[in-house]
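Please work through the exercises below with the sequence and the coordinates at hand. Each task is followed by a solution in steps.

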Amino acid sequence: MKDLLFKWLLVTGVLFSFHITDLLTVHANEEPLINVSRQLSKAVIQEDPEEDLPDLDGGSENSGRERQQPVDLRILQQRYPDIFFLQGPTDEKRVALTFDDGPDPRFSNDVLDVLKQYNVPATFFVLGSRAVANPEIVKRMQNEGHVIGNHTYAHPNLVEESDLDTLEQEVTKTEDALNEIIGYRTKLFRPPYGFLYNELVEKLRDMNYFVIGWSVDSLDWQEDPPEVIASNVLDIIHPGAIILMHDGAESGGDRTNTIKSLQQIIPALQEQGYEFVTVPELLNIPLKK
Ligand SMILES: [Zn+2]
């Protein structure tokens with residue numbers, strides 16, 4: 001009988017402790033906690049311009065890209081051919097390297113070092129929040145002959161989360177911030193994740209922007225080995241290509257392989273006779289408003 005009582009106490013004891021563990025787990029995963037930390041990180045972005053790495057509002061490239069592409073960039077390009085570009089003229093061996101999501105104090109300077117090593121100009125689509133936090137990197141980009149474009153302030157998913165007013169605020173806030181640093185209002189815009197739809201493109205047209213997509217995706221945000229990133233580019237390169245890469249990453253993301261892949265991509269294309277130019281040079285369009 002004593003033995004039975006002991007077993008009963010043991011079983012209830014174990015069950016009770018499971019219950020306690022469950023309760024703790026449930027509380028640890030409660031949504032409000034996640035929301036609070038998200039709000040906190042937003043508050044840091046707004047109140048502390050010294051914060052070096054404002055994160056991407058719409059999530060990482062990885063999580064963003066997993067969603068369905070709202071309107072195919074090629075369809076939008078055909079609809080708005082005067083302001084929407086995916087590539088340049090194909091009759092000359094010229095290509096444009098483009099880098100998104102910086103300035104990122106962890107990686108942008110290394111990207112700039114490689115570009116300098118090969119004396120190659122590029123186009124950087126920067127986030128307003130990160131430009132405000134790292135103006136000296138944006139200055140360096142400009143001083144070394146690169147072109148700066150607008151990639152929104154906080155990298156929202158413009159289709160899922162935003163309306164036209166949000167787009168206007170994101171773009172204007174970035175345009176103003178960049179104007180303070182580089183001394184002109186850029187005419188170049190690239191949407192986060194390449195996500196747009198008709199009304200957003202029309203709004204950007206009204207705001208006097210060119211929308212710049214890409215024709216060659218390095219898929220570098222997948223953080224594959226440098227050889228894979230390089231062949232993603234070299235396998236489908238063509239005259240007039242706009243090449244998509246990233247000098248910025250989400251917190252925890254890494255662009256080391258992007259930087260290493262550039263050491264392969266640039267000399268390989270130069271050997272094939274390609275010339276590197278900025279996006280406005282490739283498209284023969286003005287870069288300033
Ligand atoms: Zn981006």
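The exercises that follow concern a predicted model.

**Exercise 1. Describe the overall make-up of the protein chain.**

Solution. Begin with the secondary structure: the protein chain holds 12 helices and 9 strands. Next, consider burial: of its 289 residues, 42% are buried. Finally, examine the contacts with a separation of 6 or more: 80% of them join residues 24 or more positions apart.

**Exercise 2. Characterise the largest nonpolar core and the surroundings of I243.**

Solution. The largest nonpolar core comprises 67 residues, and I242 and I243 have the most contacts inside it. Helix α8 (residues 164-182) supplies the largest share of this core, namely 6 residues. For I243, set aside residues up to four places away in sequence; the residues it touches are then V95, A96, L97, T98, W214, V216, S218 and V233.

**Exercise 3. Test the length of α8 and identify its buried residues and what covers them.**

Solution. First, take the expected span: at 1.5 Å a residue, the 19 residues of α8 should extend over 27 Å. The C-alpha atoms at its ends are 26 Å apart, so the two values agree. Second, list the buried residues of α8: L167, E170, V171, T174, E175, A177, L178, I181 and I182. Third, look for the cover over these buried residues, which includes α6 (128-133), α7 (135-143), β4 (147-150), β5 (188-189) and α9 (198-206). Lastly, inspect the position just after α8, where G183 has a positive phi of about 85 degrees.

**Exercise 4. Explain why the buried residues of α10 line one face of the helix.**

Solution. Start from the general geometry: an α-helix has 3.6 residues a turn, so residues three or four places apart point the same way. In α10 (residues 226-234), the buried residues are I229, A230, N232 and V233. Viewed down the axis of α10, these buried residues fall within an arc of 155 degrees, and they therefore line one face of the helix. Their cover includes β7 (216-217), β8 (242-246) and α11 (256-271).

**Exercise 5. Decide whether D104 is buried or exposed, and locate its contacts.**

Solution. Place the residue first: D104 belongs to the loop between β2 (94-100) and α5 (108-118). A residue counts as buried if 20 or more other C-beta atoms lie within 10 Å of its own. D104 has 26 other C-beta atoms within 10 Å and is therefore buried. Apart from neighbours within four places in sequence, D104 contacts L53, R130, D247, G248 and A249. In addition, the C-alpha atoms of D104 and A131 are separated by 8.7 Å, although the two residues are 27 residues apart along the chain.

How values were computed:
Residues numbered from 1 in each chain as written. Predicted model: local features only at pLDDT ≥ 70, side-chain atom pairs only at ≥ 80, totals over all residues. Core = buried A, V, L, I, M, F, W, Y, C linked by C-beta atoms within 7 Å. Buried ≥ 20, exposed ≤ 12 C-beta atoms within 10 Å, placed from the backbone. Helix = DSSP H or I, 4+ residues; strand = E, 2+ residues; numbered from the N terminus. Contact = placed C-beta atoms within 7 Å. Expected span 1.5 Å × (residues − 1). Arc of directions from axis to C-beta.
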